[in-house]
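Q: Please take a close look at a single part of this structure. Explain each term where it is needed.

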Amino acid sequence: MEPSQSSTDRSFVEFMLASGRMLKLDRPTVSTAFVYFYKYQEFYRKCNAETQTTKVDDYTIATTCLHLACKNGEVPRKLREIINVAYWLVQGWEGGDPYLAIGDQYWIIKDSIMKTEMILLRVLGFSLQVDLPYTIIIQILQAMSAESERRVSKPDRRRSNADVFHAHPPNELSTTQLRVVAEFALCYASDAYASEDLVSSVSPSDLAAACVYLAMRCVKATPPKAFYEICRYESMRLPSNTRDTVVRLIGLVRQWRAPGLDHPPTLRTGGKLPDA
């Protein structure tokens, strides 16, 4: 599946994001595909440095990664659907039939993906499980919500009855704020997988904490004490590695920002980014 023009690394990222949207894949499945793709790229760079190695076409690898991620995540998508989407994105469609007819070209592409899948499985060591930050983000926010409810249920007796029933403790996020923070944080985590350097150098737990912190800053909420306690930070300050991850996230989002728009890239979330 050769592209009609030369492509950059960003083109492959855009290709995988667009494929995920057209196939209606969830965030974990697309992120898993990105991890597979990056692992293959790392494998090729290492092997090519030692000896000349024939590289599989990047679009074929990217399509195979999506196919394998769907199978691993038990997200049923027919290989024909994935091939149609990939072919449409690579070759373009100018008013003709959006589906690739079952013929010689279709069977060549399908056979190429099946062979590439075996190569990819060997590169991955047949280990398809990928640790992602999404579950950790939900756990952090659920723990913050539980801590907030606990403090609300034990109000300060010096406060009036009206304060008891209508006010949140200082720095505590309301349920509405937590929902917005959750959506932002999950989107930032998804956006992070557009950067190979970021996801390969940051653990899922650190990435989750950075996404939640950045999301709270974006809605102009002060991170509560519970956030630092849940993340097991020693003080009410971000450690240097998490702060560095936040700065890198901001840089990534600004790099991918759509021209003329004031929101992050995937360009799915809203809100103005804070300064690094």
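A: An axis is a line fitted to C-alpha atoms, for helices over the stretch in contact, and angles run from 0 to 180 degrees between N-to-C directions. The model is predicted: local features need pLDDT of at least 70 and side-chain atom pairs pLDDT 80 or more, while totals for chains, interfaces and linings use all residues. Residues are numbered from 1 along each chain as its sequence is written, and side-chain values use heavy atoms, without hydrogens and water.

The protein chain has twelve helices and zero strands (DSSP runs numbered from the N terminus: helices are H or I of at least four residues, strands E of at least two). The part examined here is helix α10, residues 204-218. With helix α12 (residues 240-256), α10 packs at an angle of about 65°, and the two axes lie 9 Å apart. The crossing of α10 past α12 is right-handed, the near helix being turned clockwise from the far one by less than a right angle.

On the α10 side, the contact (heavy atoms within 4.5 Å) includes D206, L207 and Y213; among the α12 residues are T245, V246 and I250. Of the residues in this contact, nine are nonpolar, three polar and one charged.

Helix α10 also gives eleven residues, the largest share, to the largest nonpolar core. This core has 77 residues, and I137, V212 and F227 have the most contacts inside it. Such a core joins buried Ala, Val, Leu, Ile, Met, Phe, Trp, Tyr and Cys through side-chain atoms within 4.5 Å, buried meaning under 20% relative accessible area with a 1.4 Å probe, protein chains only. Beyond residues up to four places away in sequence, V212 touches I137, I140, L141, M144, V181, A185 and F227.

Terms used. Buried < 20%, exposed > 50% of the residue type's maximum accessible area, 1.4 Å probe, protein only. Nonpolar A, V, L, I, M, F, W, Y, C, P; charged D, E, K, R; others polar.
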